[in-house]
Amino acid sequence: MKNATLHQLKVFEAVARHSSFTRAAEELFLTQPTVSMQVKQLSKAVGMPLFEQVGKRLYLTEAGKRLYATCQDVFERLSQFEISIADLKGLKQGSLRLSVVTTAKYVIPRLLGPFCQRYPGIDVSLTVTNHEYLLDNLGENRDDLYILSQPPDDMDVSIHPFLENPLVVIAWRNHPLVNEKQIPLKRIAEEPFIMREPGSGTRHAVQQLFDDHGLDLQVKLDLGSNEAIKQAIAGGLGISVLSVHTLALEGTNSQLAVLDVESFPIQRYWYVIYPSGKQLSLIAQTFFDYLLTEGKEVAEQTALINPTEFSSH
Ligand code: PGA
């Protein structure tokens, strides 16, 4: 392995994790021939093939599997080393890696603003993804902290609520139901409905409420983003249920309105979580403390509307 480089190991790790040269190339911003070449050189250094192609699928060989496990150890040790060095340097420099569910992207960047002003040497990497993918990241210990609304009950994690995240029914502002009070849930189930994609925590919560009431929603469209759903509502395609925070920057001219529906808002919270026993870096610990002590206040100060008021309609 004397001739192998760290870069080759990184490339190999990405190909093995995705079982795909193309996806690894996308993730690493490299071309596919470069990725293939790096893996080829690494196989040469190892002296054995690392992958085998069966039909369209790519499999790790036995040597590949052992190298993949070794890579994970090496990268984990390097990341621990980075943490210890960042701690030695105090909060002046270092990185903070966050994975947040899609609804939290309406709040977390606004919370990061004042935090990054306070600690300008910190680089932040923010991954925005849905509930299911976030749990994958958590399982693989890819980030420092994770923000979501539904903590997993089958993982050993440390869980801390820091902000309300109510889900509300949103319609086009000229929708006939806009001025009605205490609209029955059954009436909502009759409307064309726009739903988040499978794997979304929002979808899960909505589905559960309607299932609990024995009602079937008329789902006309599945969309993978809150913004796309807002556009579809404004385009008159239907109504939906989204986090009230998705309206935080709408302002008073918004095309959207919150309906007054029985059993709503669905009361939820955002939690910041991390694997129990994980040693947080000084930076992650400082951001964690900031979220818990100042998060709510900063979120309210930086919204163009008061989302909670919006929800009580
Ligand atoms: P989602 O999660 O982006 O997966 O819908 C949001 C949430 O659970 O609040």
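Reader: What makes the ligand and the side chain of Thr202 a polar contact?

Author: Distance and atom type. In this predicted model, an oxygen atom of the ligand is 2.6 Å from an N or O atom in the Thr202 side chain. The cut-off for such a pair is 3.5 Å, so this one counts as a polar contact.

Reader: Which backbone atoms does the ligand pair with, and at what distance?

Author: A polar backbone atom of His131 lies 2.8 Å from a ligand oxygen, and one of Gly201 lies 2.7 Å from a ligand oxygen. Both values are within 3.5 Å, so these are polar contacts too. As for cover, the protein takes up 100% of the 280 Å² of accessible area that the ligand has on its own.

Reader: What kind of space does the ligand take, a cavity or a pocket?

Author: A cavity, the second largest one. That word is used because a 1.4 Å probe fits in there but cannot get out.

Reader: How do you know which class of residue leads in the shell around the ligand?

Author: By counting: nine are polar, two charged and one nonpolar. Among the residues surrounding the ligand are Asn130, Ser149, Asn165, Arg196 and Arg268.

Reader: And what about the largest pocket: what is its volume, and which residues are closest to its centre?

Author: The volume is about 1600 Å³. Of its 42 lining residues, Arg17, Arg97, Asn141, Arg142 and Asp143 are the closest to the centre.

Reader: Which element gives the most to that lining?

Author: H4, with 11 residues. By class, the lining of the largest pocket has 16 charged, 15 polar and 11 nonpolar residues.

Notes
Residues are numbered from 1 along each chain as its sequence is written. This is a predicted model: local features need pLDDT of at least 70, side-chain atom pairs count only at pLDDT 80 or more; totals for chains, interfaces and linings use all residues. Side-chain values use heavy atoms; hydrogens and water are left out. A residue is near a molecule or strand if one of its heavy atoms lies within 4 Å of it. A polar contact is a pair of N or O atoms within 3.5 Å; within protein, one must be able to donate a hydrogen and the other to accept it, and residues adjacent in sequence count only if both atoms are side-chain atoms. Accessible areas come from the Shrake-Rupley method with a 1.4 Å probe; for residues, only the protein chains shown count as cover. On a 1 Å grid over the protein atoms alone, a cavity is a set of points where a 1.4 Å probe fits but cannot get out, and a pocket is an open set with protein on both sides within 12 Å along at least five of seven lines; lining residues have an atom within 4 Å of a point. A molecule sits in a cavity or pocket if more than half of its atoms lie within 2 Å of its grid points. Ala, Val, Leu, Ile, Met, Phe, Trp, Tyr, Cys and Pro count as nonpolar, Asp, Glu, Lys and Arg as charged, and the others, Gly among them, as polar. Grid points are joined across faces, edges and corners, and a volume is the space filled by probe spheres set on the points. Helices (H or I, at least four residues) and strands (E, at least two) are DSSP runs, numbered from the N terminus.
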